[in-house]
Amino acid sequence: ATGATVETQAKTATAYVSLLRSSRSGAPDAKLVKHLISLRVHLSTASLAWIRDFLDASDGLSALGALLAGLVGKGARAPPLGELGGAALHELLRCLRVLLNTERGFAGVLSRPALVAHVAFATGLANHRTRALACELLAALAVMAPPDGHRAVLAAWGDYRVAFDEGFRFETLVASLRLPEPEEGLEGASIDVDDTDAWDARASTMVLL
């Protein structure tokens, strides 16, 4: 197909989902990241009818969930994400954030315990920016849909405890709030104060807790 034909096809929900499903078998690459960015932008401006088609007829949440599972589903045994894997994960979560702003999308995410658990898994494998985003998504589920959302998020952290071999639930989440130990000979020095992403992640973690 020509570039113009592919661009036209990619504007349909079915084409977006097909490309997501075809990306599950290989390692994340620049093409996948570009596709997720395109999907996120399209979801942000699409009509409710298009989003309904993406969620219902094309089963887009299942495709996003499968891709997310491939990135983080193995928990502590997952291979390092790398730059492209980290970018793909971040954009995937941004797609979910857009969908959570719709009634159907919110209900769809809430009805998929594995998807919610894998969003929690992302907090243990991703960089500060992506961890902040994942915490924001989980906090929204917990607050906006009581009591089911609250139960779903607690269950996700129960799964996290097993997948990451925690001694108790929220162990890693709480540990992420601590400042790093100062290097030897630098006692009293300013630590981490200029790392905006790290502080944003801590703020989002506190909101979630």
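Which residue forms a salt bridge with R40? In this predicted model, the partner of R40 is E91. The closest N and O atoms of the pair are 3.1 Å apart. This contact links distant parts of the chain. R40 belongs to helix α3, which spans residues 30–45. E91 belongs to helix α6, and 51 residues separate the two partners.

Both ends of this bridge can be placed by their accessibility. R40 has a relative accessibility of 15%. Buried means under 20% relative accessible area, so R40 counts as buried. E91 has a relative accessibility of 8%, and therefore E91 also counts as buried.

E91 has a further partner. The side chains of E91 and R94 meet in a salt bridge, with 3.4 Å from N to O. E91 and R94 are both in helix α6. They are separated by about one helical turn, because they stand 3 residues apart in that helix. R94 is partly exposed, with a relative accessible area of 24%. Salt bridges with shared partners join R40, E91 and R94 into one network.

The structure holds 6 salt bridges. Another of them pairs R104 with D56. Here the closest N and O atoms are 2.6 Å apart. This pair, too, links distant parts of the chain. R104 sits in helix α7, residues 103–110. D56 sits in helix α4, residues 48–57. The two residues are 48 positions apart in the chain. R104 is partly exposed, at 45% relative accessible area. D56 is partly exposed as well, at 43%.

Empty space within the model was examined next. Rolling a probe the size of a water molecule over the atoms shows where empty space is left. The structure holds 1 cavity of 30 Å³ or more. The largest cavity contains about 40 Å³ of space. Its lining consists of L96, L100, V109, V116, V119, L137 and L141. Three elements give two or more residues to this lining: α6 (82–100), α8 (113–125) and α9 (128–144). What classes of residue make up the lining of the largest cavity? There are 7 nonpolar residues, no polar residues and no charged residues. Helix α6 thus appears in two settings, because E91 and R94 are also found in this helix.

The second largest pocket holds about 240 Å³ of space. How many residues line the second largest pocket? The lining has 15 residues. Of these, G26, P28, G70, L71 and P79 lie nearest the centre of the pocket. Helix α5, residues 60–72, provides the largest share of the lining, with 4 residues. By class, the lining of this pocket has 10 nonpolar, 3 polar and 2 charged residues. The lining of the largest cavity, by comparison, has no polar and no charged residues.

The surface was considered last. V174, M206 and L209 form a nonpolar patch there. Together, these three residues have about 270 Å² of accessible area. Where does L209 lie? L209 is in the segment after helix α12, which covers residues 196–208.

Conventions:
Residues numbered from 1 in each chain as written. Predicted model: local features only at pLDDT ≥ 70, side-chain atom pairs only at ≥ 80, totals over all residues. Heavy atoms only, no water. Patch = residues over 30% accessible without salt bridge, like charges linked within 9 Å, V, L, I, M, F, W, Y side chains within 5 Å. Areas by Shrake-Rupley, 256 points an atom, 1.4 Å probe, with all protein chains shown as cover. Salt bridge = Lys/Arg side-chain N within 4 Å of Asp/Glu carboxyl O. 1 Å grid on protein atoms, 1.4 Å probe; cavity = no way out; pocket = protein on both sides within 12 Å on 5 of 7 lines; lining within 4 Å. Points joined across faces, edges and corners; volume = space filled by probe spheres on them. Nonpolar A, V, L, I, M, F, W, Y, C, P; charged D, E, K, R; others polar. Buried < 20%, exposed > 50% of the residue type's maximum accessible area, 1.4 Å probe, protein only.
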